[in-house]
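Visitor: Could you take me through one part of this molecule at close range? I would like to follow the aromatic rings and what surrounds them.

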Amino acid sequence: MTHGPEFAARPVGRRAVLLGMAGALLGAAGCTSAVPGPRPTPSASGASASGASASGTAGTLPRTTPWHPMSAEVHPEVKRRAVELVEAIGAWAGGRDGAPAARARVAALRLPTALVAQAGPLLPSADEAVLQVVDAQYGGILADSASVLVVCRQWTRHGGAVRAGGTTVDVRLARSGTGWTVTALHPAHPGAPLPSPPAGVHRVLDDTRIALPPAARADLNSGRVHAGVLTAMPILAGTYRMYVSVVRSGHPLEVFGTSRPSDHPRGRAFDVWQIDGHAVVDPATPRSLVERFMRDAAAAGSYNVGGPVLLSGGGTPDQFFSDATHHDHVHIGFRT
């Protein structure tokens, strides 16, 4: 998200590596809870499952843990509401598959059952499914409306085969009385992968110090990512281990609360929610680490670096910004 009008006014969990077996889990499929604990380690293959205890038995789904917001969140109740809906739709026991069962789970949360029709890749055809939320970050937060980007990994069982996947869902909410209700779901649509992605894409995907959730990996494989992103990620990974939350898909098309296009859908930005194993939103994370990362992101070519700290200086006017939306992540944007 780029600097907009709203500017004026973590979860961290256990690491478990998916063990390869005959029918091994393919792609990225692990996650993190917001409860403080050991930090997940980035994996180039995406096979690390923070917060989920992976099983090495074919046909057995890994154990997952509920995601909880940290006390330092700007509005923890907003994220909690968004996440509980995604968890309810995206996970089910045997015999509870399909849209009717999903609508029953949503109704139990006292949310509109029509949201199930918007779930898309969050509700695949499968006998059973488990879901782990990696992170929930703001796509925007205003007085009466919000966007929460729920980044998740999902495992599904089809007979005796377990498949790994996941998506990112832009969950829209509105204030309703004294609480918040979900009004819409916008799952990520990364696009088809290129037959042969550019070398720069492979360089990022193969970097063991860059962790990418499923939708972000798919964004890179689609080839619809700005060269600045592909250049800056490895530069930053030379100094930091970083966990990316969002690149292109699963992010609002416009800067939240405005009609101005966001850099994300155009492939010109990426967000980082965790640096060297420390969640940006965690009050225990050294501010000096976040500040240094933000300045290094600017030095790597970003014209628009946002985060929880408003930094002075910068090579261009307003190169750094901060607001409530970016309290939980660092935004790194690039020009055309």
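Guide: Happy to; here is a walk through the aromatic pairs, followed by the core around them and a few neighbouring details. Please keep in mind that this is a predicted model.

To set the scene, the chain has 336 residues, and 56% of them are buried. Its secondary structure consists of six helices and eleven strands. The exposed surface comes to about 12,600 Å², with carbon and sulfur atoms supplying 55% of it.

Now to the rings. Searching the whole structure turns up three aromatic pairs. One of them joins Tyr243 and Trp273 in a tilted arrangement, with 5.3 Å from centre to centre and 45° between the planes. This pair links distant parts of the chain, since Tyr243 belongs to strand S6 (residues 242-246) and Trp273 to strand S7 (residues 269-275), 30 residues apart. Both Tyr243 and Trp273 are buried.

Another pair is made by Phe270 and Phe334, and this one is stacked: the centres are 6.5 Å apart and the planes differ by 15°. Here too, distant parts of the chain are linked, with Phe270 in strand S7 and Phe334 in the segment after strand S11 (330-333), 64 residues apart. Phe270 has 0% relative accessibility, so it counts as buried. Phe334 has a relative accessible area of 3%; because the cut-off for buried is under 20%, Phe334 is buried as well.

Phe270 also leads us into the largest nonpolar core. That core holds 36 residues, and those touching the most other members are Leu212, Leu220, Met233, Phe270, Phe293, Val330 and Ile332. Two or more residues each come from H3, H4, H5, S6, S7, helix H6 (287-299) and S11. Apart from this core lies another one, of 33 residues, including Val83, Ile89, Leu122 and Ala126.

Leu220 is a good reason to stop at helix H4. This helix spans residues 214-221 and is mostly covered, with six of its eight residues buried. Those six are Pro214, Ala215, Ala216, Arg217, Asp219 and Leu220. The buried residues of H4 pack against strand S2 (145-158), strand S3, helix H3 (199-205) and helix H5 (227-237). After H4 comes Gly223, which has a positive phi, near 80°.

Strand S3, one of the packing partners of H4, brings us to a charged residue under cover. Asp170 is found in this strand, which runs over residues 161-176. With a relative accessible area of 2%, Asp170 is buried. Its side chain makes two polar contacts worth a look: one with the side chain of Ser147, at 2.7 Å, and one with the side chain of Arg172, at 3.0 Å. Leaving aside residues up to four places away in sequence, Asp170 touches Ser147, Val148, Leu149, Ala184, Leu185, His186, Gly250, His251 and Pro252.

Let me finish with rings that have a charge over them. Lys79 lies over the face of Tyr138, 4.8 Å from the ring centre. Arg295 places its charged end over the ring of Phe320, at 5.4 Å from the centre of that ring.

Notes:
Residues numbered from 1 in each chain as written. Predicted model: local features only at pLDDT ≥ 70, side-chain atom pairs only at ≥ 80, totals over all residues. Heavy atoms only, no water. Phe/Tyr/Trp six-rings, centres within 6.5 Å; stacked < 30°, edge-to-face > 60°. Helix = DSSP H or I, 4+ residues; strand = E, 2+ residues; numbered from the N terminus. Buried < 20%, exposed > 50% of the residue type's maximum accessible area, 1.4 Å probe, protein only. Lys NZ or Arg CZ within 6 Å of the ring centre and 35° of its normal. Polar contact = N/O pair within 3.5 Å; in protein donor to acceptor, adjacent residues only side chain to side chain. Contact = heavy atoms within 4.5 Å. Areas by Shrake-Rupley, 256 points an atom, 1.4 Å probe, with all protein chains shown as cover. Core = buried A, V, L, I, M, F, W, Y, C linked by side-chain atoms within 4.5 Å.
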